[in-house]
Amino acid sequence: MHTFVTCTSLDFAWPDGSSVFEELDAAFGPGRTGLVGVNGSGKSTLLKLIAGQLAPVDGTVRIAGEVGYLPQNVTLDTALRVDETLGIAARRAALHAIEAGDAAEEHFETLGDDWDVEERALATLGELGLGHIDLDRTIGEVSGGESVLLRLAALLLGRPDVLLLDEPTNNLDLYARRRLYAAVASWPGVMIVVSHDRELLDLVDQIADLRSGEITWYGGNYSAYEEALATEQDAATRMVRVAEADFRKQKRELSDAQVKLARRKKYGQKMFEQKREPKIVMGARRRSAQESAGKHRILHEERLAEAKERLDEAVEAVRDDDEIRVDLPYTAVPPGRQVLTLLDLHLAYGARVGGGLDLRGPERIALIGRNGAGKTTLLRTIAGELAPVSGEAVTHVPLRFLPQRLDVLDDELTVAENVARFAPSATNNRVRARLARFLFRGARADQRAATLSGGERFRAALAALMLAEPAPQLLMLDEPTNNLDMASVRQLTSALASYEGALIVASHDLPFLESIGITRWLLLDGELRTITPEEVEHPA
C-alpha cells in the first residue's frame, strides 16, 4: 500500500475566530512535495495539523505510516546528550551493557534487532556533515545550525514514512545546506517541505500552491512551477484585456439603447400631442414601443452585468504580488567615495580582519561563512553596537543596519509612527506617500507593528531604514531572506534594485545574493578574505 497523507474537508480557525482553512481537501502521495504560498497563507499551520500538533475544528487528517516533523524553530534542551537527541540512548546503553557481558533479558528487549544502531547513527551524522560530533556530547556544545541537522538526523534514524520539513534551511550555512539538499534528494518516502529556499525547492517532484485556503498542484520543481505560473499569468492578463474591451462595448451599447429609448419616447410624445392618429391606436403603439425598448434596455443591462462578472473573474485570476518600487536618490554614493574602513580589526568572539579593508563607492558585498564564524558580530561591530577587541571600524557615510531579529521596530507603534521615528522632519503625508511604495497603503500603515506577519514586519523595518533621515548610503542586512516567502524575497530584490548606496549582506541564500548584483564576495573563516564566485559555488 502506498504511503499517503489525506486531508478531508479540513476546517481550522485560531482562538480569536480568524479562519485559516474551510473545507480544505488535499492528498499527498509518494515523492517530494514543495508547499508554497505567501506569508500567512497557512503553510506551517497545515504541517502542524498533519503532524498532529494542532487539531482541526472539523474534517479529518489520515496518514498511512509514521510521521517525522521538523518544525521551523527547533529548540533543543542544551543539557541533552547527542544520543538522547537522536532517540537512541536506551538502545545504545543496552548494546554497551551486552558488549560488557551483562546478559540481562531487558537489554535484549530494549535493543531488539537494532544491533547496528550506533553505526547507523554515526553514518547518518557523517552524511549530514556532523561526523565530528561525539554521541556523548551535549547539545549545548553544538551550534544552532548543527542542532537543526541533529534534529533531522533523529528523524532520519527513526525512518518515518512521511517527513514534514518547515523552513529547514533557516540558519543553516552553505555547507550545512549542501548536506541537507543531499538528504532531501535521496529521501525515499513521502516528503512535504515548506521553504523559501529556491535550491531546495528545485529538488522536489511537485509543487502544492496554497492560496486563499485552496491548493493548486503543479508537476515538477519550483523552476517548472514558475514557468507554468508565468504562462498562466500571461493568459490571465490577456483575459483581463479581452474582458475589459467587452465591458466597455456593453457599456457603450447600453448607453446607445438608452439614447434610442429616450428618442422613441420623445417622438411618441410628440405624435400624441399632435394627435395624428386615433388616440387608442397611438396609445397601443406607444405601449408597444416602450415595451420593446424596455426589453432592449434590460437585455443590455444583463449583458453589461455578465461582462462585469467576467471582468471581475479575470482580474481575480491575476496575482497581486506587488513589487516595491522606491525612488531613493539621496542614497547614491559616487564611485570612488570612501564608505567604510576596517583596520586590524579583532572581533569580540575571535574572528579578525587582518590588515585593512576598504569599501568604496556603491559596492555590493556578500558576507558569507559558516555558522558561528562571526558574520553578525562583524556587522554589529561596524554598526557600533559591539566594541572590537582591538583595531577600528570607521564608516564615512550615513549607515543603517537591519538585524536578523528585526528589532528596529517599536511593537506598540503603528507602521507609520515607526517610520516617522527614523525621519522626524518628514510630514505625515510624506511618510504615508513613501510607505505606500512599500505596499503599506491606507489603513495598512496604521497597523501596530506587533500585529504584522513576518513578511510585513520585514517590509516595515526595511521601509523605516531606507526612508530614514539622513538617507543611508551604507545599508547592512543580516540574513534578510530568513522567513520570507518568495513574493517577499522578490519585493526585497526590487527594493534593493532602486537603492543606490553601498550594501553589505550576510546571507547563506546564494540565489538571492546573485539576484542583487553582488560585486565582491567576502568569506569570514577565522580571517576575512575576498573569494571568487566559483569558490562560493563549491565550498570545501
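Reader: Hi! How many aromatic pairs does a search of the whole structure find?

Author: Five aromatic pairs turn up in that search. Keep in mind that this is a predicted model.

Reader: Good to know. Could you take me through one, say Phe28 and Trp217? What geometry does that pair have?

Author: Sure! Phe28 and Trp217 meet edge-to-face, with 5.3 Å from centre to centre and 65 degrees between the planes.

Reader: And where do Phe28 and Trp217 lie in the chain?

Author: They come from distant parts of the chain. Phe28 belongs to strand β2 (residues 19-28) and Trp217 to strand β9 (residues 214-219), with the two positions 189 residues apart.

Reader: Is Phe28 buried or exposed?

Author: Phe28 has 1% relative accessibility, so it counts as buried. Trp217 is at 34% and therefore counts as partly exposed.

Reader: What about Tyr218 and Tyr225, how are those rings arranged?

Author: That is an edge-to-face pair too: the centres of Tyr218 and Tyr225 are 5.0 Å apart, and there are 80 degrees between the planes. Both tyrosines are buried.

Reader: Which residues make up the cluster there?

Author: Tyr218, Tyr222 and Tyr225, linked by ring pairs.

Reader: Nice. Switching to charges over rings: what sits over the ring of Tyr175?

Author: The charged end of Arg370 does, 3.9 Å from the ring centre. There is also Arg459, which lies over the face of Phe440 at 4.8 Å from the centre of that ring.

Reader: Let's move to helices. How do α3 and α5 cross?

Author: Helix α3 (residues 89-99) and helix α5 (residues 117-127) have axes that come within 9 Å and cross at roughly 130 degrees. That angle is why α3 is called oblique to α5.

Reader: Which residues make the contact?

Author: On the α3 side they are Arg91, Arg92, Leu95 and His96, while α5 brings Val117, Glu118 and Arg120. Sorted by class, the contact has four charged, two nonpolar and one polar residue.

Reader: OK, backbone now. Which peptide bond is cis?

Author: The one from Glu469 to Pro470 is cis, with omega near -5 degrees. Pro470 is in the loop between α14 (454-466) and β15 (474-478).

Reader: And why would a cis bond or a positive phi be worth pointing out?

Author: Because most peptide bonds are trans, and most residues other than glycine have a negative phi.

Reader: So what is phi at Ser9?

Author: Phi of Ser9 is near 45 degrees, a positive value in a residue other than glycine. Ser9 is part of strand β1 (residues 5-13). With 24% relative accessibility, this serine counts as partly exposed.

Reader: What about phi of Leu439?

Author: Positive as well, near 70 degrees. Leu439 is in the loop between α13 (428-436) and α14. Its relative accessibility is 6%, which means that Leu439 counts as buried.

Reader: New topic: where is Val333?

Author: Val333 is found in the loop between α10 (279-317) and β10 (338-346). The residue is buried, and its relative accessible area is 5%.

Reader: Which residues is Val333 in contact with, leaving aside neighbours within four places in sequence?

Author: Those are Val339, Gly361, Pro362, Gln473, Glu500, Gly501 and Ala502. As for spacing, the C-alpha atoms of Val333 and Leu474 are 8.7 Å apart, with those positions 141 residues apart in sequence.

Reader: How about Thr85, buried or exposed?

Author: Thr85 is buried, at a relative accessible area of 11%, and lies in helix α2 (residues 82-85). From Thr85 to Thr138 it is 53 residues in sequence and 9.1 Å in space, C-alpha to C-alpha.

Reader: Last one, Leu152: which helix is it in?

Author: Leu152 is in helix α6 (residues 144-158). At 3% relative accessibility, this leucine counts as buried. Setting aside neighbours within four places in sequence, Leu152 is in contact with Leu70, Leu128, Leu163, Leu165 and Leu180.

Reader: And how far apart in space are Leu152 and Ala450?

Author: They are 32 Å apart, C-alpha to C-alpha, and 298 residues apart in sequence.

Reader: Thanks, that helps a lot!

Terms used: Residues are numbered from 1 along each chain as its sequence is written. This is a predicted model: local features need pLDDT of at least 70, side-chain atom pairs count only at pLDDT 80 or more; totals for chains, interfaces and linings use all residues. Side-chain values use heavy atoms; hydrogens and water are left out. Axes are lines fitted to C-alpha atoms, for helices over the stretch in contact, and angles run from 0 to 180 degrees between N-to-C directions. Helices (H or I, at least four residues) and strands (E, at least two) are DSSP runs, numbered from the N terminus. Angles under 35 degrees count as roughly parallel, over 145 as roughly antiparallel, 65 to 115 as roughly perpendicular and the rest as oblique. Contact means heavy atoms within 4.5 Å. Ala, Val, Leu, Ile, Met, Phe, Trp, Tyr, Cys and Pro count as nonpolar, Asp, Glu, Lys and Arg as charged, and the others, Gly among them, as polar. Rings of Phe, Tyr and Trp (its six-membered ring) pair if their centres lie within 6.5 Å; planes under 30 degrees apart count as stacked, over 60 as edge-to-face and the rest as tilted. Buried means under 20% relative accessible area, exposed over 50%, partly exposed in between (1.4 Å probe, protein chains only). A charge sits over a ring if NZ of Lys or CZ of Arg is within 6 Å of the ring centre and within 35 degrees of the ring normal.
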